[in-house]
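Q: I am new to this structure and would like a close look at a single part. Please take one sheet, go through its strands, and then place that sheet in its wider setting.

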Amino acid sequence: MRPDETRTDAARGGAPGPDARELTFEDVLRYAGRLEAERKIPPDVLTAPSAAGPREGCGSGSCGCGSQGGGDPPAPAGVLDKPMDRRRALGTLFGAAVLGSQAAGACSPVGDPDGREAALLAWEEYFKGNFRLMTAAEKAETIRRMERLAELRQGVDVAIKATEAQPGVMFGYAFNISKCKGYRECVEACIQENNLDRASGTQYIRIFEMEDGEIDFEHADAGYMHPVPAEGHFYLGTQCFQCANPPCVEVCPVGATWQEPDGITVVDYDWCIGCRYCEAACPYWARRFNWSEPQVPAEELNPNQHYLGNRARTKGVVEKCTFCIQRSREGRLPACAEACPTGARVFGNLLDPDSEIRWVLEHKRVFRLKEELGTEPRFWYYTD
Amino acid sequence: MRTREKRTRHRRTFPYFGVLLVAGLAGCGGDAPRAGGPPASLEVLPDAPRALATVPASPVVGRTGPGGTGFSVAHRTPAIEQYPCASCHADGSALTPARETDVHGDIRPVHPADAGPACTTCHAESDPSTLQLLDGRTATLDQAYRLCAGCHFEQGRDWAGGAHGKRLAGWRGQRVVLSCTGCHDPHSPTVDTLVPFRGPRIPRTGGGLP
């Protein structure tokens with residue numbers, strides 16, 4: 001059997017060939033460099049024959065607690081009867097063992113069942129793959145886990161979508177600097193919609209107050225707190241421009257950020273290693289890093305979420321504006337465009353010749369920021 | 001040179017990922033594990049916004065949007081507190097000047113600037129709830145765009161095209177926009193000065209500027 005064929009079989013989840021197991025591990029290792037350290041685990045542990053039927057979680061009442069005393073991994077009961085990549089195998093094998101030793105009550109009848117379930121789910125979450133490599137079933141699994149985790153940890157009922165890009169859609173944005181009055185209603189709507197960290201005050205949008213006659217970011221004021229619009233000033237907002245040639249994607253060493261077919265550059269928060277290369281590469285300062293665990297009060301949490309958008313982030317990962325992917329892929333306007341009270345924000349499909357965004361591009365005098373860099377932002381500024 | 005090599009290798013891996021992903025998806029239709037099936041959110045196709053169903057609107061008269069398509073304008077009259085006029089002036093009576101200040105004192109008649117507070121520049125003399133166009137025709141209050149564009153033709157053109165004004169609900173599907181009076185007070189159209197929402201707390205990278 002050629003290696004390619006084997007790999008395809010394993011990825012399909014079909015019956016494993018005689019040597020499929022070995023090749024599957026190789027594959028996973030190749031993608032998951034961070035698991036390289038785990039190679040010290042002897043292969044025979046992973047490939048031991050099953051004796052006790054399918055594994056059951058601790059919650060089912062028949063967990064393998066008896067085998068945990070010595071700290072050795074428990075026998076992998078039937079784990080590898082079905083094709084399984086290394087990532088999942090490790091998660092399955094050691095999930096119960098580690099949790100059992102760390103959370104003392106994991107198998108005792110008096111433990112906190114919710115805490116135990118959350119710990120198990122979080123453990124399984126750690127071993128999932130890159131979003132782009134997941135099958136539909138795997139996406140469904142991780143979404144179910146994340147929704148349950150939100151319920152267990154914060155008591156909130158969230159709905160996480162994985163809506164894909166629609167064919168024939170390429171999002172574009174136009175910003176009227178004659179109309180923006182600096183009210184920052186877009187900023188506020190963005191914070192609410194995208195569950196931005198309240199503790200650190202993360203904001204995707206920044207509105208610059210500039211003196212009439214010149215676009216000069218060095219002398220612009222983004223921290224104004226006086227009544228607006230101020231005499232002799234205009235306002236220019238920045239956010240992620242969803243570049244057609246995004247340098248942030250180019251520099252990511254792990255493939256945790258990419259451009260979707262509808263032009264939105266997204267981040268797989270669970271694949272990001274927090275190196276912040278993308279943040280440094282972006283010439284528009286559009287990316288934000290979570291220096292601390294993001295805090296969003298449960299009563300303010302937006303439950304309408306997207307895997308690549310406003311779902312929960314963690315400390316140590318990068319996030320960014322996604323044109324409100326959870327809204328825009330459903331035909332709705334991004335929160336900033338909807339909230340703008342002056343109509344300074346135009347959003348639409350660049351591939352639709354009858355769209356407003358196309359009308360603006362064809363009839364108004366437009367410009368983009370730092371065009372000479374060749375990043376090709378899909379975000380234009382125009383004047384009346 | 002070294003950089004170039006690295007980049008080439010990097011590019012080559014991605015089609016490879018793609019093949020895996022496609023292969024994985026292709027297998028899903030068959031005997032792939034579907035524990036309980038994917039959540040509904042994965043299978044629901046994006047739908048046009050339903051919020052528009054509750055917005056009273058009517059087709060725009062005499063104008064087309066981008067690409068010559070028709071569009072609708074949201075009604076303004078449901079938001080006018082003292083409308084229709086007949087709710088007070090059922091018998092066609094007028095108020096005394098003293099009472100007029102009490103009831104209609106919130107009207108700041110500064111527009112049109114050079115015409116002064118001349119109500120009949122825009123309102124039909126016989127019926128204030130009907131708008132008097134410059135060419136002699138009349139329009140309803142929900143068709144204020146017809147009146148405004150009589151002078152502000154550039155704004156009228158941009159409004160019809162989408163560069164001026166505000167579209168409601170979604171970027172896709174039926175286009176419903178606010179009329180001129182949805183944002184502007186026709187008697188005092190300049191935008192108000194307001195205290196802005198909260199400002200940024202994190203400084204911009206590489207400088208002391210906020």
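A: Start with one pair of strands in chain A. β2(A) and β10(A) run antiparallel and are joined by five bridges. One of the residues involved is A:Phe175, whose bridge partner in β10(A) is A:Arg345. Bear in mind that this is a predicted model.

β2(A) has another partner. Four bridges tie β2(A) to β12(A), and here the two strands run parallel. In this pairing A:Ala174 stands opposite A:Trp380 of β12(A).

Now follow β12(A) onward. This strand covers residues 379–382 and pairs with β11(A). The sense is antiparallel, over two bridges. A:Phe367 sits opposite A:Tyr381 of β12(A).

Put these pairs together and the sheet appears. The sheet is open and has four strands, in the order β10-β2-β12-β11 of chain A. Its pairing is mixed. The edges belong to β10 (345–349) and β11 (366–367) of chain A. Each edge strand has a single partner, so one side of each lacks a neighbour in the sheet.

A helix joins the picture. Helix α12 of chain A, residues 356–363, packs on the sheet. This helix touches β2 (171–176), β10, β11 and β12 of chain A. The direction of α12 makes about 110 degrees with that of β10(A).

Back to β2(A), to ask how enclosed this strand is. Six of its six residues are buried, so β2(A) is largely enclosed by the rest of the structure. In a regular strand, side chains alternate between the two faces of the sheet. In β2(A), both faces are covered. One side has A:Phe171, A:Tyr173 and A:Phe175, and the other has A:Gly172, A:Ala174 and A:Asn176. All of these residues are buried. Two of them have appeared already: A:Phe175 as the partner of A:Arg345, and A:Ala174 opposite A:Trp380.

For another element of chain A, turn to helix α5. This helix runs over residues 113–126. At 1.5 Å a residue, its 14 residues should span 20 Å; the end C-alpha atoms are 20 Å apart, which agrees. A:Arg116, A:Leu120 and A:Leu121 are buried in α5(A). Seen down the axis, the buried residues of α5(A) fall within an arc of 130 degrees, so they line one face of the helix. The face turned away from that buried side carries A:Asp114 and A:Tyr126, which are exposed.

Next, the setting beyond chain A. Chain B has six helices and five strands. Along the sequence its pattern reads α-α-β-β-α-β-β-α-α-β-α. Of its 210 residues, 21% count as buried. Take the contacts in chain B with a separation of 6 or more: 50% of them come from residues 24 or more positions apart.

Finally, confidence. The mean pLDDT of chain B is 72, and 68% of its residues reach 70 or more. Among the elements of chain B, helix α5 (residues 153–161) has the highest mean, 95, and helix α2 (residues 40–43) the lowest, 36. Over residues 1–49 of chain B, pLDDT stays under 50, and the model has 60 contacts beyond four places in sequence for that stretch. Residues 206–210 of chain B also stay under 50, with seven such contacts. Where pLDDT is low, predicted coordinates should not be read in detail. For the complex, the predictor gives an ipTM of 0.72 and a pTM of 0.74.

Note on methods:
Residues are numbered from 1 along each chain as its sequence is written. Chains are lettered from A and ligands numbered from 1 in the order in which they are written. This is a predicted model: local features need pLDDT of at least 70, side-chain atom pairs count only at pLDDT 80 or more; totals for chains, interfaces and linings use all residues. Two strands pair if DSSP finds at least two bridges between them. Two residues are in contact if their C-beta atoms, placed from the backbone, lie within 7 Å. Axes are lines fitted to C-alpha atoms, for helices over the stretch in contact, and angles run from 0 to 180 degrees between N-to-C directions. A residue is buried if 20 or more other C-beta atoms lie within 10 Å of its own, exposed if 12 or fewer, and partly exposed in between; C-beta atoms are placed from the backbone. pLDDT is the predictor's confidence in each residue, from 0 to 100. The expected span of a helix is 1.5 Å times one less than its number of residues. The arc is that of the directions from the helix axis to the C-beta atoms.
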